[in-house]
Amino acid sequence: MKRNIVIATIAAAALIGGGTATAIAVSGDEEAPAKKSNVQVSNDDTDRDDDANVNDTDDNDADDKAEDKADAAEDTGEDAEDKAENAADAKVAQVDAADAIKAALKNTKGTAVSADLDDEGTKHVWDVDILTNGGAWHSVQVDPATGKVVGSHVDRDDDGDDAAETAQIRAALKGSTVTAAEAAEAGAAKGTVTSVDLDEESTDKAWEVDTTAANGTGSDWRVNPDSGKITADRSND
């Protein structure tokens, strides 16, 4: 008669592998039915790891939210700073863009092509670019507080492309009935004009006008050189 033998190796494997195994007990009677024994082994380490992974995920989500909140706060701070600076610049322009252009043209005859409120060192000036009938470029500076011309000089053709640019601008202005000053006046209905410039490169030639609202919000506009109609500039959206 054979002794009862329990195959312990299967149970040991179950303990190591963390699963379920079947151990077969063999009796002395060869015809006796075999009995099955289920061995259940739970892997506590695996459960702890799963909990740790859940906690890690929660921690990562919290970190991401905190980082997003910090980024949003920084963006808001930058926007507020930019708006404050824009509002301060706009207040300097007691003489508006249209009047600055007119003052510059009294000093230098020609066609005004652009006017920008520039911060030069410790003071602001209107910088007006004028194309004379002879093809020369003049830069005229106008005091935004008094409207007086405080400087004027001929721009040098340092890069050698003035001739091509001049021809392009003259072509864009050909047949135009709206001047830079009139484009500035159209833009003034939308806010304080800080810049007027001819867009001679686009297919729909237009005056580009930048304005600043009282709260410092900047906006871009396009003024049709034939009709004077002003529309929002969506090219940067």
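The following questions and answers go through a predicted model of one protein.

Student: How many helices and strands are there in the protein, and what percentage of its residues are buried?

Tutor: The protein holds five helices and 11 strands. Its chain has 237 residues. The buried share of these is 29%.

Student: What percentage of the contacts with a separation of 6 or more comes from residues 24 or more positions apart, and what part of the exposed area do carbon and sulfur atoms supply?

Tutor: For contacts with a separation of 6 or more, residues 24 or more positions apart account for 42%. The protein exposes about 15,100 Å². Of that area, the part supplied by carbon and sulfur atoms is 48%.

Student: Which residues of helix H3 are buried, and what covers them?

Tutor: Helix H3 spans residues 97-107. Its buried residues are Ala97, Ala98, Ala100, Ile101, Ala103 and Ala104. An α-helix has 3.6 residues a turn, so residues three or four places apart point the same way. The cover over the buried residues of H3 includes strands S4, S5, S6, S7 and S8 and helix H5.

Student: Which side chain reaches a backbone nitrogen at the start of H3?

Tutor: The backbone nitrogen belongs to Ala98. A side-chain oxygen comes to within 3.3 Å of this nitrogen at the start of H3. The residue that supplies the oxygen is Asp96.

Student: In the largest nonpolar core, which residues touch the most other members, and which element gives the largest share?

Tutor: The largest nonpolar core has 33 residues, and Trp126, Val196 and Trp207 touch the most other members. The largest share of this core is six residues, and it comes from H3.

Student: Which residues does Val196 contact, leaving aside neighbours within four places in sequence?

Tutor: One of the contacts of Val196 is Ala97, a buried residue of H3. Val196 also contacts Val113, Ser114, Ala115, Ala180, Ala183 and Ala184. The list for Val196 ends with Trp207, Glu208 and Val209.

Student: Is Asp129 buried, partly exposed or exposed, and what does it touch?

Tutor: Asp129 lies in strand S5. Because its relative accessibility is 22%, Asp129 counts as partly exposed. Not counting residues up to four places away in sequence, Asp129 touches Thr111, Ala112, Val113, Ser114, Trp137, His138, Ser139 and Asp155.

Student: Which elements are linked by the salt bridge of Lys102 and Glu185, and is each residue buried or partly exposed?

Tutor: The side chains of Lys102 and Glu185 meet in a salt bridge with an N to O distance of 3.2 Å. The pair is 83 residues apart and links helix H3, which holds Lys102, to helix H5, which holds Glu185. Lys102 has 38% relative accessibility and so counts as partly exposed. With a relative accessible area of 40%, Glu185 is also partly exposed.

Student: Where do Arg222 and Asp204 lie, and is Arg222 buried or exposed?

Tutor: The side chains of Arg222 and Asp204 form a salt bridge at 3.6 Å, N to O. Arg222 is in strand S10, and Asp204 is in the loop between S8 and strand S9, 18 residues apart. Asp204 is partly exposed, with a relative accessible area of 45%. Arg222 has 12% relative accessibility and therefore counts as buried.

Student: Which residues does the network of salt bridges join?

Tutor: Glu208 forms a salt bridge with Arg222, the closest N and O atoms being 3.5 Å apart. This pair links strand S9 to strand S10, with their positions 14 residues apart along the chain. Salt bridges that share partners make one network of Asp199, Asp204, Glu208 and Arg222.

Student: Why is S9 largely enclosed by the rest of the structure?

Tutor: S9 has seven residues. S9 is largely enclosed because the number of its residues that are buried is five.

Student: How do S8 and S10 pair with S9, and which residue takes a positive phi?

Tutor: S8 and S9 are antiparallel, paired over seven bridges, and a hairpin of six residues joins them. Leu198 has Trp207 of S9 as its bridge partner. S9 and S10 also run antiparallel, joined by six bridges. In the hairpin of S9 and S10, with five residues between the strands, the residue with a positive phi near 95° is Gly216.

Notes
Residues numbered from 1 in each chain as written. Predicted model: local features only at pLDDT ≥ 70, side-chain atom pairs only at ≥ 80, totals over all residues. Heavy atoms only, no water. Helix = DSSP H or I, 4+ residues; strand = E, 2+ residues; numbered from the N terminus. Buried < 20%, exposed > 50% of the residue type's maximum accessible area, 1.4 Å probe, protein only. Contact = heavy atoms within 4.5 Å. Areas by Shrake-Rupley, 256 points an atom, 1.4 Å probe, with all protein chains shown as cover. Polar contact = N/O pair within 3.5 Å; in protein donor to acceptor, adjacent residues only side chain to side chain. Core = buried A, V, L, I, M, F, W, Y, C linked by side-chain atoms within 4.5 Å. Salt bridge = Lys/Arg side-chain N within 4 Å of Asp/Glu carboxyl O. Pairing = 2+ DSSP bridges.
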